[in-house]
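Hi everyone, thanks for coming. Let's take a friendly walk through one structure together, so please have a look at the screen.

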Amino acid sequence: MDPGRVLWVAGGYLAGTLPSTYLAVRMARRARAAGASAVAAGTGRAAGETDPHVLMMKHLGARWTAPAAAGDVVKGFAWALAARHVGRLDPAWLAAAGTAVVLGHAFPFYLGEFSGRGLAAAAGVLLALLPVEMTIAGGLFLLGMAIRNSGLASTIGMGGVPAVASLRGQPGGLVAMGAAIFLVILARRAVGVRALIAAGEPAGWALFRRLLFDASGPSHRRA
C-alpha cells in the first residue's frame, strides 16, 4: 500500500473537520453580533434543530452564514482538486479521499456539536470530481428550496449522483464515491433519530422522516 495515497485519504478527513461554522460563530461573538450565543446554545441541545448552518441563518442571517457555508464547500472542493492534480490519485483512491472529506465534516473527532450534515462538504467534493452530477443535484436542491421541501430535494439530488455518474460513464471508483458520500449523509441524519423518538415520534416513522426528509422536529403524527 502506497503511504502517500493513504496520507491523502487521512488528510481529507482532517480537512473535512475544519470547523467553518465554529470559527464564524466565534468571530460573530467577538463582533458582538446578536444571535451568536443562541447559535452556540442550539448546536449543543439534545432535541430540535441543531444544524449549525440552519441555526446561523436563523439567528445571524446570511452575512455570517454564507461565508461559513462557503468555507465548507471550499474545503471539499480544494482537497478533492488537489488530490486529483497534485496527488495524481487514481479514481479508487480519489474516491476514498473525497469520501473522507465528507466523513470528517459530518463526524469530526472534535467540536462534534458544530459538525454539519455533510451536504456542504459533499457539494465541494462533487463539484471538483463530478461537476455535472453535482450541478443536477444542486438544481434539484434549489427547486426544493423554492417549494419549501429542501430536505427531500437534497435526498433525491444526492441519492441520484451515483446513478447519473454511472449513466455518464464515469469511472467505477467515482460512481462508488457518489454512493458512499450519500451513505455518509444518511448516517449523519440518523444521529437525530433518537431526538425525534424522544419527542414522541414512533421509531420507524422517525427514521423515515429523518432519512428521507432530513426532519429535525416532530410531526403531528404520534404512536
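To warm up: in which helix is the place of Ala41? It sits in helix α3, which covers residues 36-43. One reminder before we go further: this is a predicted model, so please keep that in mind throughout.

Staying with this residue for a moment, is Ala41 buried or exposed? Ala41 counts as exposed because its relative accessible area is 54%, and the cut-off for exposed is over 50%. If you want a sense of distance, take Ala41 together with Ala100: they are 59 residues apart in sequence, and in space their C-alpha atoms are 28 Å apart.

Now let's turn to the surface. There is a nonpolar patch here, made of Val132, Ile136, Leu140, Leu143, Ile147 and Ile156. Together these residues have about 520 Å² of accessible area. Which helix gives the most to this patch? That is α8, residues 131-146, with 4 residues. Ile147, another patch member, lies in the loop between α8 and α9, where α9 runs over 150-167. Ile147 is classed as exposed because its relative accessible area is 59%.

Next, the pockets. What is the volume of the largest pocket? About 890 Å³. It is lined by 27 residues, and the ones closest to its centre are His53, Leu119, Ala120, Phe141 and Met145. Several helices give two or more residues to that lining: α4 (52-59), α5 (62-85), α7 (119-129), α8 and α9. And here α8 comes back, since the largest share of the pocket lining, 6 residues, comes from α8. So that helix gives the most to the nonpolar patch and also the largest share of the pocket lining. For those of you who think in side-chain chemistry, the pocket lining has 14 nonpolar, 9 polar and 4 charged residues.

Finally, a look inside. How many cavities of 30 Å³ or more does the structure hold? It holds 1, and the volume of the largest cavity is about 80 Å³. Of the 15 residues that line this cavity, Thr17, Leu18, Pro19, Phe114 and Ser115 are the closest to its centre. The elements giving two or more residues to the cavity lining are α2 (20-30) and α5. Helix α5 is also on the list for the pocket. By class, the cavity lining divides into 6 nonpolar, 7 polar and 2 charged residues.

That's my tour. Thanks for listening!

Note on methods:
Residues are numbered from 1 along each chain as its sequence is written. This is a predicted model: local features need pLDDT of at least 70, side-chain atom pairs count only at pLDDT 80 or more; totals for chains, interfaces and linings use all residues. Side-chain values use heavy atoms; hydrogens and water are left out. Patches are made of residues with over 30% relative accessible area and no salt bridge: like charges are joined within 9 Å, nonpolar side chains (Val, Leu, Ile, Met, Phe, Trp, Tyr) within 5 Å. Accessible areas come from the Shrake-Rupley method with a 1.4 Å probe; for residues, only the protein chains shown count as cover. A salt bridge is a side-chain nitrogen of Lys or Arg within 4 Å of a carboxyl oxygen of Asp or Glu. Buried means under 20% relative accessible area, exposed over 50%, partly exposed in between (1.4 Å probe, protein chains only). On a 1 Å grid over the protein atoms alone, a cavity is a set of points where a 1.4 Å probe fits but cannot get out, and a pocket is an open set with protein on both sides within 12 Å along at least five of seven lines; lining residues have an atom within 4 Å of a point. Grid points are joined across faces, edges and corners, and a volume is the space filled by probe spheres set on the points. Ala, Val, Leu, Ile, Met, Phe, Trp, Tyr, Cys and Pro count as nonpolar, Asp, Glu, Lys and Arg as charged, and the others, Gly among them, as polar.
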